[in-house]
Amino acid sequence: MCTSFGMMTPSFAENVPNITVVAGKDVVLPCIVDNLEHFKVAWVRVDTQTILTIHTKVISRNPRVGLAQSSKRHWYLRLKNVEPGDRGYYMCQINTDPMENRKGYLEVLVPPNIVDSGTTDGVVAREGSNVSLSCRATGHPEPNITWKREDGSEFIHNGISVSAIESEVLQLTKASRLHMGPYLCIASNGVPPSVSQRIPLKIQFPPMLWIPNQQELAYNGQDVVLVCHIEAYPKSINYWTTAKGDMIISGDKYEAVSSDDSYRVYMRLKIRSVGLDDYGAYKCVAKNSLGETDGTIKLYEIPNPHTTVGMITNVVNRQTSTEPSIRHAKKKERKRARPNKGNSPAIQNEVTDDNNHGDVVEDEAPGPHPTYGPTYYGTIDSREHSSSSTSLTIQRHSSKDVICCAVVCFLFRQFIASFSA
């Protein structure tokens with residue numbers, strides 16, 4: 001553009017750009033002018049109408065404001081350590097008549113920051129009550145608030161299992177011990193870094209316990225372990241009592257150990273070398289400021305399995321050792337001599353031989369046989385001895401079975417009697 005005297009008037013080669021910067025950083029706003037000649041350039045803060053620089057001089061008393069110039073064409077406004085208050089429009093102007101100017105917007109981003117006012121420090125509530133956790137954060141843009149458990153696990157919110165909730169206030173209806181634990185309030189607005197604050201939630205309730213096995217069995221000399229699970233908050237005082245009602249202290253006879261995880265406690269009582277005085281009821285006791293409870297475990301005596309096996313072996317051995325005597329007595333009874341009819345020299349002896357399995361063996365002396373009527377001794381005797389042999393075999397096995405059955409029945413009755421007692 002030319003003036004009436006043939007001189008070129010100044011003009012802007014480019015617009016002043018809009019710039020976004022994170023608070024705490026330095027920023028430079030450029031202004032490029034052509035044909036400046038004897039005219040001057042100034043930087044002005046638009047919203048406050050504050051003159052920051054005129055030509056090569058800095059007018060502002062703000063030490064963070066500076067000016068940089070590489071030539072008569074390039075004029076740079078420099079701001080150090082930008083603050084949120086620096087956000088706004090900045091104008092580069094030329095003192096022509098009329099005045100020429102260009103302006104650009106400086107956006108200052110601020111990372112989120114959680115403020116103490118309006119943020120819950122921690123909550124302690126009774127089980128079944130409604131609980132509110134609040135979190136307030138500042139930043140630009142305005143931060144979003146997300147609630148999560150510290151360990152990342154899900155929790156119940158309005159009857160639904162969730163892993164995260166977006167809200168400034170986390171409302172828990174009828175909070176239970178399952179809600180107990182630390183929560184994280186996480187504030188983010190896209191400007192790193194996101195920030196979080198840990199807010200613990202504690203739910204109070206009286207002790208409750210359960211016992212996996214209410215009956216334990218042990219024989220004399222055996223080691224046995226009793227187990228008890230407890231839940232309570234505030235933390236409960238936990239201990240064991242003996243069958244006689246005495247509090248148990250770890251020592252040579254007993255070993256009482258416990259481990260806890262949050263409001264849960266695992267109790268374990270080891271009884272070494274159980275004796276007759278150790279059988280009976282044991283109690284697991286838990287107490288806190290809200291109440292107390294206890295559970296009972298009964299320890300019963302059972303026969304020593306090693307002794308039982310020995311008793312059965314001895315009985316079987318004794319029964320087996322009597323069999324040869326019974327067999328010998330039966331054998332003697334089967335032997336008998338039969339007289340001859342008339343004066344015949346024939347002699348018939350019936351002998352049952354074990355090797356012949358009950359068959360009749362007849363020994364005859366030389367001489368004539370009687371001439372009257374047939375003889376049935378062999379046939380009759382063979383039947384008698386065969387029947388006798390079979391009867392002996394049945395008696396032998398039946399006797400063994402009866403003895404074993406009697407031993408087992410005796411041990412079973414003893415076992416049932418111990419439970420009844």
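At 0% relative accessibility, Cys-284 counts as buried. In this predicted model, Cys-284 is bonded to Cys-228 through a disulfide with an S to S distance of 2.1 Å. The torsion about this S-S bond is -75°, and the link between Cys-228 and Cys-284 is left-handed. The two cysteines belong to distant parts of the chain: Cys-228 is in strand β22 (residues 224-233) and Cys-284 in strand β26 (residues 280-288), 56 residues apart. Cys-228 is likewise buried, with a relative accessible area of 0%.

The Cys-228 to Cys-284 bond belongs to a set of three disulfides found in a search of the whole structure. When the bonded cysteines are counted along the chain, the disulfides follow the pattern 1-2, 3-4, 5-6.

Another of these links is formed by Cys-31 and Cys-92, whose sulfur atoms are 1.9 Å apart. This disulfide is left-handed, with -75° about the S-S bond. Because Cys-31 is placed in strand β3 (residues 27-34) and Cys-92 in strand β9 (residues 88-94), the bond ties together parts of the chain separated by 61 residues in sequence. Both ends are covered: Cys-31 is buried at a relative accessible area of 1%, and Cys-92 is buried at 0%.

The disulfide between Cys-135 and Cys-185 has an S to S distance of 1.6 Å. A torsion of about -60° is found about the S-S bond of this pair, so the disulfide is left-handed. Cys-135 is in the loop between β12 (131-134) and β13 (137-140), whereas Cys-185 is in strand β19 (residues 181-188); the pair links distant parts of the chain, 50 residues apart. Cys-135 has a relative accessibility of 1% and counts as buried. For Cys-185 the value is 0%, and this cysteine also counts as buried. With a threshold for burial of under 20% relative accessible area, the assignment follows for Cys-135 at 1% and for Cys-185 at 0%.

Charged side chains provide a further set of contacts. In general, side chains of opposite charge can pair when their charged atoms come close. The count for the model comes to 12 salt bridges.

One of them is between Glu-83 and Arg-64, with an N to O distance of 3.7 Å. This value falls within the 4 Å limit applied to such pairs. Glu-83 is in the loop between β8 (74-79) and β9, and Arg-64 is in the loop between β6 (57-58) and β7 (65-69); the pair links distant parts of the chain, 19 residues apart. The two partners fall into separate accessibility classes, as Glu-83 is partly exposed at 39% relative accessibility and Arg-64 is buried with a relative accessible area of 14%.

Glu-150 and Arg-198 form a salt bridge in which the closest N and O atoms are 2.8 Å apart. Here too distant parts of the chain are linked, with Glu-150 in the loop between β14 (144-149) and β15 (155-157) and Arg-198 in strand β20 (residues 195-210), 48 residues apart. Glu-150 counts as partly exposed at 39% relative accessibility, and Arg-198 counts as partly exposed at 47%.

The salt bridge of Glu-231 with Arg-177 has its closest N and O atoms 3.0 Å apart. Since Glu-231 lies in strand β22 and Arg-177 in the loop between β18 (169-172) and β19, the pair ties together parts of the chain that are 54 residues apart in sequence. Glu-231 is buried at 10% relative accessibility, and Arg-177 is buried at 14%. Through salt bridges that share partners, Glu-231 and Arg-177 are joined with Glu-127 and Arg-264 into one network.

Strands β22 and β19 connect this part of the description with the disulfides. Strand β22 holds Glu-231 as well as Cys-228. Strand β19 contains Cys-185 and bounds the loop that carries Arg-177.

A nonpolar patch is found on the surface, made up of Ile-51, Ile-54 and Ile-59. Together these residues have about 230 Å² of accessible area. Ile-54 lies in strand β5 (residues 50-54) and is partly exposed, with a relative accessible area of 38%. Because patch residues are required to have over 30% relative accessible area, Ile-54 at 38% meets that condition.

Technical notes:
Residues are numbered from 1 along each chain as its sequence is written. This is a predicted model: local features need pLDDT of at least 70, side-chain atom pairs count only at pLDDT 80 or more; totals for chains, interfaces and linings use all residues. Side-chain values use heavy atoms; hydrogens and water are left out. A disulfide is a pair of cysteine sulfur atoms within 2.5 Å. Helices (H or I, at least four residues) and strands (E, at least two) are DSSP runs, numbered from the N terminus. Buried means under 20% relative accessible area, exposed over 50%, partly exposed in between (1.4 Å probe, protein chains only). A salt bridge is a side-chain nitrogen of Lys or Arg within 4 Å of a carboxyl oxygen of Asp or Glu. Patches are made of residues with over 30% relative accessible area and no salt bridge: like charges are joined within 9 Å, nonpolar side chains (Val, Leu, Ile, Met, Phe, Trp, Tyr) within 5 Å. Accessible areas come from the Shrake-Rupley method with a 1.4 Å probe; for residues, only the protein chains shown count as cover.
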